[in-house]
Amino acid sequence: MPTDDKLPEGEDKAVAVQLMFDRIAHRYDLVNRLMTFRMDVGWRRRAVKALDLPRDAKVLDLACGTGDFCNDLMRFGLDPVGLDFSAGMLAAASTDAPLIRADALRLPVIGRSVDGITCGFALRNLTDLTCFFEETSRVLKPGGRIALLDVAEPPNPILRMGHKIYFGKIVPRIGALFSDQNAYKYLPKSVEYLPHPHDLLAGLRAVGFSDASRTLLGGGITQLFVGTLDR
Ligand SMILES: C[S@@+](CC[C@H](N)C(=O)[O-])C[C@H]1O[C@@H](n2cnc3c(N)ncnc32)[C@H](O)[C@@H]1O
C-alpha cells in the first residue's frame with residue numbers, strides 16, 4: 001500500500017489491497033483482536049444473529065479473509081462458503097468451511113443460489129460498491145438475507161475525536177509492532193473510501209433490499225447493514 005497521502009483508485013487500488021492483505025495475513029487475526037480489544041468477535045456474531053436464517057442455510061461470506069465469519073456461521077448451524085481474492089489470507093485461514101479464491105465483484109456463483117451473504121470489514125476495500133451490491137442481489141435467492149459490517153465514525157463528537165486519535169496514532173503503532181506499519185496506516189485512511197451511510201443504504205435498496213437498515217455497534221465505531229432481498 002502506498003504510504004503517500006493519496007489513496008489509490010480502480011485497478012491500482014485492487015492490486016494494492018490484494019498485495020497488502022497477502023503481506024499482513026499471518027498476523028491479521030492477532031492485530032485484529034488487539035486493536036479492537038476482541039470486540040470484532042462480538043460484532044461478527046451479532047451480524048450472524050441478525051441474518052436470522054434457519055439451520056443449514058447456505059451462506060456466502062464475501063472477502064472472508066482468515067475465515068472468522070465462516071467459523072461463526074458454522075457455530076450457528078449455517079453452511080458457509082468463504083471467498084476472498086488474497087491468496088495469503090486464504091492460506092492463513094483457519095476454518096473447516098470451503099474457501100474459494102475469487103473477486104467479490106465477479107462472483108463465480110450461479111444466480112439465486114444462496115440463502116445469505118455476509119461481508120466483514122471489506123466494503124471500503126472494494127473498488128465498485130454498486131457492482132458489489134448488484135452481485136449480492138444476483139446470487140441471493142428471493143427472500144435471502146444480507147449482513148455487512150464495516151468501520152464507522154462515532155456520531156458523538158467526543159468519541160469521534162478519541163476514535164480518530166486511536167485509529168490515526170495508536171493502531172499504526174500496534175501494526176508496526178506486530179505486523180506492517182504502512183498497512184495499519186492505511187486502515188484509518190481507508191475510511192475515506194466509504195460512502196455516507198445514507199448512500200450505502202440507498203445502494204442496497206436500489207438493488208432490491210428494500211428493508212435495508214443500519215445499526216451502530218461498539219459505541220459507533222462499527223456499522224452493521226442488514227437487509228432482505230425482495231421476493
Ligand atoms: C479487512 S479484511 C476482512 C477479513 C474478514 N472478512 C474479517 O472480518 O476479518 C478485508 C478482506 O477483503 C478482501 N478483499 C478486498 N477486496 C476484495 C475483492 N474484490 N474480492 C475478494 N476479496 C477482497 C481482502 O483480501 C481481505 O481479506
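**Core and helix contacts in a predicted model**

Biologist: Which residues does isoleucine 117 touch, not counting residues up to four places away in sequence?
Modeller: The model is predicted, so local features need pLDDT of at least 70 and side-chain atom pairs count only at pLDDT 80 or more, whereas totals for chains, interfaces and linings use all residues. Numbering runs from 1 along each chain as its sequence is written. Two residues are in contact if their C-beta atoms, placed from the backbone, lie within 7 Å. By this criterion, the partners of isoleucine 117 are Val59, Leu60, Leu62, Thr136, Leu140 and Ile146.

Biologist: Which helix gives the most to the largest nonpolar core?
Modeller: A nonpolar core joins buried Ala, Val, Leu, Ile, Met, Phe, Trp, Tyr and Cys residues through C-beta atoms within 7 Å. A residue is buried with 20 or more other C-beta atoms within 10 Å of its own, exposed with 12 or fewer, and partly exposed in between. The largest core has 55 residues, and Ile117 is among those that touch the most other members. With eight residues, the greatest contribution comes from helix α1 (residues 10–36; helices are DSSP runs of H or I, at least four residues, strands of E, at least two, numbered from the N terminus), that is, α1.

Biologist: Which residues of α6 does α1 meet?
Modeller: The α1 side comprises Arg27, Leu30, Val31, Leu34 and Met35. Their partners in α6 are Val171, Ile174, Gly175 and Phe178.

Biologist: Why is arginine 112 partly exposed?
Modeller: Arginine 112 lies in the loop between β3 (99–101) and β4 (114–120). Arginine 112 is partly exposed because its count within 10 Å of other C-beta atoms is 13.
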